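Biologist: I'm new to reading protein structures. Could you walk me through one, feature by feature?

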Amino acid sequence: MLKIEKAERLKQLPPYLFAELDRKKDAVRAKGVDVIDIGVGDPDQPTPDHIIDSLCKAAREPRFHRYPSYSGMNDFRKAVAVWYQKRLGVTLEPLKEVVSLIGSKEGIAHIPLAFINPGDVVLVPSPAYPVYKTATIFADGIPYEMPLLKENGFLPDLDIIPAETLKKAKMIFLNYPNNPTAATATPEFFAKVVAFANQHNIMVCHDYAYSEMAYDGYQPPSFLATPGAMEVGIEFHSLSKTYNMTGWRIGWAAGNREIVAGLGQIKSNIDSGIFEAIQIAGIEAMRDDDAWLAKMRALYTERRNVLVAGLDKLGLKTIAPKATFYVWVEVPKGYDSAGFVSHLLEKCGICVTPGNGFGGPGEGYFRMALTVGKERLQEALDRIAKIGF
Ligand SMILES: *Cc1c(COP(=O)(O)O)cnc(C)c1O
């Protein structure tokens, strides 16, 4: 009888807190409850038609049926450079400073393999998108969690990281606009990060997945636009959230050429790039003339306004987000994250995400996603008002 035993790296992973929640959600649904699911960060709107049309046309071209190039089609990488220049004023050399990714998650998961040796420390925020930590563990690195606290505007306090840790640290992950807290970073913070990186010889990996999902005319800053950033780091991006393309799996990393090349070398030994017809559609997406983006921002703004005003009326504390489609809410007195999330699910039929599922310092919060219509959000608020807490 074969004994199948998981590798240590899988045994080391933190427990998956959302598994229990998924089970409870299914149980509530099985009882016939119309669950309002605002737990998952996945846009509810379809990909724009012109992007789909461009895929359909490209899919019929035999030249796109062969293996794609490892680092991305030249035209795709050039489109990324044009996009950065036009939107953010950042100049990139497309063939040296951009690598295509099968969604930014893929690049985030692989980058520690290129640079982290056993025992190297990787600074990761907490609460956070879970991949920074798991990718570190997969590369035999040691994650050091930087708490994101309300009193610091959910930015990590770089000054309190112990000197011993900094000596061993080789990489830092940051993510602004932030999932799950919806916080944004200032150019001043990024300038401090560049100085920190230079002082301690730490590579910066900035996850910029929500760059275009912002409100009230606000443009969240790009890390790469910070003076000196190109010498110390890279930025991850994707078309997933911006153009409702989460299912398509297309993204990129851009920035420092040695870091980009290291990631590219890992990838060329693992995957074979992105289907070129999808890259053609990606180029089409980036050609967007702002009208569509404006429409998307208006839609989320309306939803945000309904939800934030309603939470306020219920006495649930939050900060109206300037960016992302998340609202990070404090759990009311007498509950912890898990307890309040269970209350909302079992008593109100509303599925939200417990803050501690993103890391210890997320305890005391829950995350709501603006991924249902405003009527549905209003219904969620009405249910909470009726049932109470
Ligand atoms: C959604 C998300 C991603 C992953 O996006 P893909 O490009 O679809 O892989 C990366 N980072 C954060 C913070 C996200 O929320």
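**Reading the features**

Modeller: Happy to. A search of the whole structure, which is a predicted model, finds 28 salt bridges.

Biologist: What's the general idea behind a salt bridge?

Modeller: Side chains of opposite charge can pair when their charged atoms come close. Take Glu164 and Lys167 here: they form a salt bridge, with their closest N and O atoms 3.0 Å apart.

Biologist: Why are Glu164 and Lys167 separated by about one helical turn?

Modeller: Because they sit three residues apart in helix α8 (residues 163-168).

Biologist: And is Glu164 exposed or partly exposed?

Modeller: Glu164 counts as partly exposed, because its relative accessibility is 49%, and a residue has to be over 50% to be called exposed. Lys167 does count as exposed, at 66%.

Biologist: Which helix holds both Arg376 and Glu379?

Modeller: That's helix α15 (residues 374-387), where they lie three residues apart, about one turn of the helix. Their side chains meet in a salt bridge at 3.5 Å, N to O. Arg376 has a relative accessible area of 24%, so it is partly exposed, and Glu379, at 31% relative accessibility, is partly exposed too.

Biologist: What about Asp271 and Lys267, buried or exposed?

Modeller: Asp271 and Lys267 are both buried. Their side chains form a salt bridge as well, with 2.8 Å from N to O. And a salt-bridge network links Lys3, Glu5, Glu8 and Lys11.

Biologist: On to sheets. How do I read those?

Modeller: Strands of a sheet pair through backbone hydrogen bonds, either parallel or antiparallel. For an antiparallel case, look at the open sheet of three strands with the order β9-β12-β11.

Biologist: Which strands stand at the edges?

Modeller: β9 (326-330) and β11 (353-354) do. Each has a single partner strand, so one side of each is left without a neighbour in the sheet.

Biologist: Does anything pack on that sheet? What does helix α13 touch?

Modeller: Helix α13 (residues 291-314) touches β9 and β12, and its direction makes about 5° with that of β9. Helix α14 (residues 337-348) lies across β11 and β12, running at about 40° to β12.

Biologist: How many bridges join β11 and β12?

Modeller: Two bridges, in the antiparallel sense, with β12 covering residues 365-369. In one pairing, Thr353 has Arg367 of β12 as its bridge partner.

Biologist: Where can I see parallel pairing?

Modeller: Follow strand β5 (residues 169-175). β3 and β5 pair in the parallel sense over three bridges, while β5 and β6 (residues 203-207) do so over five bridges. Ile172 of β5 is the bridge partner of Leu123, and Ile172 also has a bridge partner in β6, namely Val204.

Biologist: How many residues of β5 are buried?

Modeller: Six of its seven residues, so to speak a strand that is mostly covered.

Biologist: Last feature: pockets. How much space lies in the largest pocket?

Modeller: About 1,300 Å³. Its lining is made by 49 residues, and those nearest the centre are Tyr16, Phe18, Tyr129, Pro130 and Phe358.

Biologist: Which elements give two or more residues to that lining?

Modeller: They are α2 (17-30), α6 (104-115), β3 (121-126) and α7 (131-138). You've met β3 already, as a parallel partner of β5.

How values were computed:
Residues are numbered from 1 along each chain as its sequence is written. This is a predicted model: local features need pLDDT of at least 70, side-chain atom pairs count only at pLDDT 80 or more; totals for chains, interfaces and linings use all residues. Side-chain values use heavy atoms; hydrogens and water are left out. Two strands pair if DSSP finds at least two bridges between them. Helices (H or I, at least four residues) and strands (E, at least two) are DSSP runs, numbered from the N terminus. Contact means heavy atoms within 4.5 Å. Axes are lines fitted to C-alpha atoms, for helices over the stretch in contact, and angles run from 0 to 180 degrees between N-to-C directions. A salt bridge is a side-chain nitrogen of Lys or Arg within 4 Å of a carboxyl oxygen of Asp or Glu. Buried means under 20% relative accessible area, exposed over 50%, partly exposed in between (1.4 Å probe, protein chains only). On a 1 Å grid over the protein atoms alone, a cavity is a set of points where a 1.4 Å probe fits but cannot get out, and a pocket is an open set with protein on both sides within 12 Å along at least five of seven lines; lining residues have an atom within 4 Å of a point. Grid points are joined across faces, edges and corners, and a volume is the space filled by probe spheres set on the points.
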